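Please work through the exercises below with the sequence and the coordinates open side by side, and try each task before reading its solution.

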Amino acid sequence: MNIIVVGSGGREHTICWKIAQSPVVDKVVVVPGNGGTAYEAKCVNINPKDCDYIKEGENPYVAIAKHENCRMCVVGPEDPLCAGLADEFWKADIPVVGPKKAGAQLEGSKDLSKKFMKEYGVACPASETFTNKDEACEYIKKHGAPIVVKADGLAAGKGVVVAATVDEALAAVEDMMGNGKVGDAGKKLVIEEYLEGVEISVLAAVSVTPEYAVSGNATIVPFLPARDHKRLMDGAKGPNTGGMGAVCPLEDVTDKTMKQFNKAILEPTLNGLIKEKFDYRGFIFFGVMLTSKGPKLLEYNCRLGDPETQAVLPLMDFDFTSMCTAILNGTLKDFEFKWKPGYQVAPCMVSGGYPEAYEKGKEITINKPLLNASTAKIFVAGAVAGRRHDNDLLTSGGRVLACSAYGSSFKEAWEKAYQGISAIKFDGAFFRKDIGLPGAAESGKL
C-alpha cells in the first residue's frame with residue numbers, strides 16, 4: 001500500500017525510513033519532505049505547490065493522498081495536528097495516525113494541558129496562568145527564581161525560558177507578552193515551578209476513542225525511555241535549542257522508575273483522554289523530570305519527539321506500519337512490541353549561529369567510506385537535495401541532521417555515532433561532543 005507522511009524534519013525522515021522497511025508498503029509519499037527523504041528507498045517528495053490537480057479550497061494534503069492512492073496518513077509535526085489536519089483526513093475516509101484537533105490541544109495550549117493534568121491527577125510542577133503582564137511579573141517577584149516561563153501556544157521550541165534570576169524571568173515576560181517575540185503564542189503565559197533533576201522523554205503509541213474505551217481496548221503503550229539534550233553546548237551549557245542529540249535506552253532509568261511513571265503520569269493521562277472522549281489515535285510524548293519526589297510531567301507533545309525519534313525508532317524490532325494499523329483499528333493492546341537489546345546514540349549537527357540567526361545553503365560533504373565504516377545512519381532535518389549528483393545536500397535549517405548509530409553497549413553506539421559524524425562537513429557545522437554522557441543533560445541548581 002501507499003502511505004502519506006506529512007512533515008519535513010528529521011523525525012519525518014526517520015518515520016519514512018521505518019515505514020519503508022515494511023513489506024506491505026509500496027510507496028511513501030512525503031509532503032513536503034526534505035533532502036533525506038528525497039534519497040530514501042520507496043520515498044517520493046511532493047510539494048503541494050507543484051500539484052496542479054489541487055482544487056481551490058481543497059485541503060492539499062488530502063488531495064495529494066487521494067491522487068497518490070494513499071491508504072494511511074502519518075502526521076509528523078504538531079502544527080498541522082493542532083490545526084485539525086487529522087479531522088480533515090478522517091472526513092475523507094483516509095485513516096490517519098495523529099490525534100484529532102481536540103486532543104492535539106494538549107500540546108497546542110500549555111494552559112489547557114496544565115488544567116488537564118490537574119483535573120486528572122497527573123504529577124506535575126505547580127503553576128499559574130496569566131494574561132496580564134503586570135500580574136505575571138508580580139507573581140515572579142513573589143515566588144522568586146529559578147522559575148520557568150512558558151508561552152501558552154506553539155512557539156517552535158522558542159516559548160520556554162528557564163530563568164535563573166528574577167530579572168531573567170521578568171525579561172522573558174516582557175519579550176513574550178510585551179514585545180511579541182513568539183507572536184500570539186505569548187499572549188497567555190504559564191509560569192511554573194522549576195524542578196531539579198534529570199529529564200527523560202517517553203514516547204508512546206496511543207489508541208483511544210470512545211468506542212475503544214467502551215470495549216476495553218483504549219490504551220497507551222510507552223516506548224523505551226530516551227533523553228534529549230536541549231542545551232547548545234557540552235555540559236548542558238548555553239541557550240535552549242530544539243535538541244542537540246538523543247540517546248536510548250537510559251541506564252539510569254530503572255523498572256521502578258518506569259512503574260512510578262506509569263502510576264503517576266501515564267495511567268491518569270489515559271483516564272483523562274477517555275473521560276474527555278477524545279479520538280486520539282497516534283503518538284504522545286511525555287516530557288518528564290525525574291525529581292527526588294518522583295517523576296513529574298513537564299509537558300505533553302501530541303506527536304513523536306525530535307530528535308528522540310532518531311534514537312528510538314532504530315531500536316524497534318517490529319513492523320512500524322503494523323503498529324500504526326493496530327493504533328487505528330483498536331488492537332494496540334495485543335500488539336507485540338519487541339526491542340533490540342542494545343543502544344542508539346544520535347548527536348545532531350547544527351548550523352553556525354543556531355539557535356539564533358544562521359546562514360543557509362551550505363554544501364554538505366560526506367566521506368562515504370568513513371560513514372559506512374561507522375554503520376551510522378544520517379537522518380536529515382534541515383537540508384534539501386542539491387542539483388549536481390545523487391545524495392547532494394545543502395543546508396536549509398538550524399538543526400541540519402542527526403547521525404544515529406547502534407551498538408550492543410552504550411560505548412560502542414557512542415563511538416560509532418561520533419565516528420559517523422566526523423565524516424560529515426559543512427561550513428559553520430557545530431555539534432555537541434557529550435551526547436549521552438553522565439551529566440550531559442542534568443538540570444541542577446541554576
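The exercises that follow concern a predicted model, and each task is followed by a worked solution.

**Exercise 1. Placing R303**

Task: Determine where R303 is placed, whether R303 is buried or exposed, and which side chains make a polar contact with its side chain.

Solution: Begin with the chain trace, where R303 is found in the loop that runs between β17 (294-301) and α11 (308-312). Next, turn to accessibility: the relative accessible area of R303 is 11%, and because the cut-off for a buried residue is under 20%, R303 counts as buried. Then inspect the side chain, which makes a polar contact of 2.7 Å with the side chain of E107 and another, of 3.3 Å, with the side chain of E78. Finally, look at the wider surroundings, leaving aside neighbours within four places in sequence: the residues in contact with R303 include R11, G76, P77 and L81, as well as F283, I284 and F285.

**Exercise 2. The surroundings of β18**

Task: Establish how many residues of strand β18 are buried, and with which strands β18 pairs.

Solution: Start with the count, which shows that eight of the eight residues in β18 (residues 343-350) are buried. Separate them by face, and Y343, V345, P347 and M349 lie on one side, while Q344, A346, C348 and V350 lie on the other, so that both faces are covered. Now follow the pairing: β15 (residues 245-248) runs antiparallel to β18 over four bridges, with A246 opposite A346. Strand β23 (residues 399-407) also pairs with β18 in the antiparallel sense, over six bridges, and here Y406 is the bridge partner of Q344.

**Exercise 3. Helix α12 and its ends**

Task: Identify the buried residues of α12, and describe what is found at the N-terminal end and just after the helix.

Solution: Of the ten residues in α12 (residues 320-329), seven are buried, namely F320, T321, M323, C324, A326, I327 and L328. At the N-terminal end, D319 acts as the cap, with a side-chain oxygen 2.9 Å from the backbone nitrogen of T321. Just after the helix, G330 adopts a positive phi of about 80°.

**Exercise 4. A buried lysine**

Task: Explain why K18 has no salt bridge, and list its contacts.

Solution: First locate K18 in helix α1 (residues 10-20), where K18 is buried. The nearest side chain of opposite charge, D317, is 6.8 Å away, and because a salt bridge requires a separation within 4 Å, none is counted. Beyond its neighbours within four places in sequence, K18 is in contact with L313, M316, F318 and F320; F320 is also among the buried residues of α12.

Methods. Residues numbered from 1 in each chain as written. Predicted model: local features only at pLDDT ≥ 70, side-chain atom pairs only at ≥ 80, totals over all residues. Heavy atoms only, no water. Helix = DSSP H or I, 4+ residues; strand = E, 2+ residues; numbered from the N terminus. Buried < 20%, exposed > 50% of the residue type's maximum accessible area, 1.4 Å probe, protein only. Polar contact = N/O pair within 3.5 Å; in protein donor to acceptor, adjacent residues only side chain to side chain. Contact = heavy atoms within 4.5 Å. Pairing = 2+ DSSP bridges. Lys, Arg positive; Asp, Glu negative; His and termini not counted.
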